[in-house]
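Here is an informal walk through one protein chain, from the overall fold down to its rings, charges and odd backbone angles. Have a look at the sequence and the structure before reading on.

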Amino acid sequence: MIKRLALVLSILVTFTFAPLGANAQTGALSDNYSTDELVDAGGQFFGKVSQGLASVVERAASNYGLPNGYILGQEGSAALFGGVRYGEGQLYTKNAGNHSLFWQGPTLGFDIGADGSKVMMLVYNLPSTNAIYGRYPGVEGSAYMVGGLGMTVMKYKDVYIVPIRSGVGARLGVNVGYLKFTQQPTWNPL
């Protein structure tokens with residue numbers, strides 16, 4: 001039942017955030033990353049669990065085009081119906097350099113467990129590096145007992161973020177929440 005609900009919510013999120021197309025890739029940070037560049041960067045970052053990364057990146061590229069930035073980082077989360085997520089990483093862009101950032105956020109739903117993840121976030125339509133800072137709402141479904149590789153989609157204004165997580169832990173459920181990106185770490189998930 002939970003797996004079906006997670007699948008339905010995943011499909012709903014995919015259709016709610018309609019494909020961006022190639023013409024949506026405009027703005028100051030217009031240099032996009034190819035799927036090969038993303039798979040190479042993610043493969044080095046994720047290591048042995050990266051075998052499924054190519055298909056996830058190709059699926060994101062076919063739905064949303066090529067990103068003009070990406071984030072590599074790590075995060076931890078825990079939930080007992082309500083939960084929190086904290087992470088830190090590096091935003092990579094082709095023509096505005098690399099920038100450290102942090103994220104945190106609350107979740108609410110039928111969700112129990114804890115996990116630690118390496119995460120690669122594909123960033124679309126980022127007009128400037130400061131435009132990343134905001135709250136990105138999303139729906140997520142998880143069902144794993146050791147590890148897994150999953151993708152979700154979040155949107156704030158015209159910026160789309162597609163987190164690809166490779167986690168270790170035990171997690172089961174579906175939740176809604178948001179990620180808030182900041183320049184400094186904070187314990188306040190709101």
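## The chain as a whole

Of the 190 residues in the protein chain, 45% count as buried. Keep in mind that this is a predicted model. The accessible surface of the protein chain comes to about 9300 Å², and carbon and sulfur atoms own 60% of it.

The secondary structure is easy to summarise: three helices and five strands. Reading along the sequence gives α-α-α-β-β-β-β-β. As for contacts in the protein chain with a separation of 6 or more, 74% of them are between residues 24 or more positions apart.

## Aromatic pairs

How many aromatic pairs does the count come to? The count is eight. Take Y64 and Y124: their ring centres are 6.1 Å apart and their planes sit at 50 degrees, so this pair is tilted. That angle falls between the two cut-offs, since planes under 30 degrees apart count as stacked and those over 60 as edge-to-face. The pair links distant parts of the chain, with Y64 in helix 3 (residues 53-64) and Y124 in strand 2 (residues 98-124), 60 residues apart. Both ends are out of sight: Y64 is buried with a relative accessible area of 1%, and Y124 is buried with a relative accessible area of 0%.

Now for Y86 and W187. Here the ring centres are 5.5 Å apart and the planes are at 65 degrees, so the pair counts as edge-to-face. This pair also links distant parts of the chain: Y86 belongs to strand 1 (residues 69-92), W187 to the segment after strand 5 (159-182), and these positions lie 101 residues apart in the numbering. Are the two partners buried or exposed? Y86 is partly exposed, with a relative accessible area of 23%, whereas W187 counts as exposed at 74% relative accessibility.

There is a cluster as well: ring pairs join W103, Y136, Y156 and F181.

## Charges over rings

Two lysines are worth a look if you care about cation-ring geometry. The values are in the table.

| Lysine | Ring | Distance to ring centre |
|---|---|---|
| K94 | Y33 | 5.2 Å |
| K118 | F45 | 5.1 Å |

In the K94 case, the charged end of the side chain sits over the ring of Y33. K118, for its part, lies over the face of F45.

## A nonpolar patch on the surface

Which residues make the nonpolar surface patch? They are L80, F81, F110 and I112, and together they give an area of about 450 Å². Strand 1 and strand 2 each supply at least two residues of this patch. F110 is in strand 2 and is exposed, with a relative accessible area of 60%. F81 is in strand 1 and is partly exposed, with a relative accessible area of 42%.

## Two backbone angles to check

Most residues other than glycine have a negative phi. F81, the patch residue just mentioned, has a phi near 70 degrees, which is positive in a residue other than glycine. N125 has a positive value too, with phi near 65 degrees. N125 is found in the loop between strand 2 and strand 3 (135-151), and N125 is buried, with a relative accessible area of 11%.

## Two buried residues and their contacts

M120 lies in strand 2 and is buried, with a relative accessible area of 0%. Leaving out residues up to four places away in sequence, M120 touches L38, A41, G42, F46, L53, Y70, I71, L72, V162, P163 and I164. For a distance to check in a viewer, take the C-alpha atoms of M120 and Q74: they are separated by 8.5 Å, with the residues 46 apart along the chain.

T152 sits in the loop between strand 3 and strand 4 (154-156). Why does T152 count as buried? Its relative accessibility is 13%, and the cut-off for buried is under 20%. Setting aside neighbours within four places in sequence, T152 is in contact with V139, E140, I161, V162, P163 and R165. V162 and P163 also appear among the residues that M120 touches.

Terms used:
Residues numbered from 1 in each chain as written. Predicted model: local features only at pLDDT ≥ 70, side-chain atom pairs only at ≥ 80, totals over all residues. Heavy atoms only, no water. Phe/Tyr/Trp six-rings, centres within 6.5 Å; stacked < 30°, edge-to-face > 60°. Helix = DSSP H or I, 4+ residues; strand = E, 2+ residues; numbered from the N terminus. Buried < 20%, exposed > 50% of the residue type's maximum accessible area, 1.4 Å probe, protein only. Lys NZ or Arg CZ within 6 Å of the ring centre and 35° of its normal. Patch = residues over 30% accessible without salt bridge, like charges linked within 9 Å, V, L, I, M, F, W, Y side chains within 5 Å. Areas by Shrake-Rupley, 256 points an atom, 1.4 Å probe, with all protein chains shown as cover. Salt bridge = Lys/Arg side-chain N within 4 Å of Asp/Glu carboxyl O. Contact = heavy atoms within 4.5 Å.
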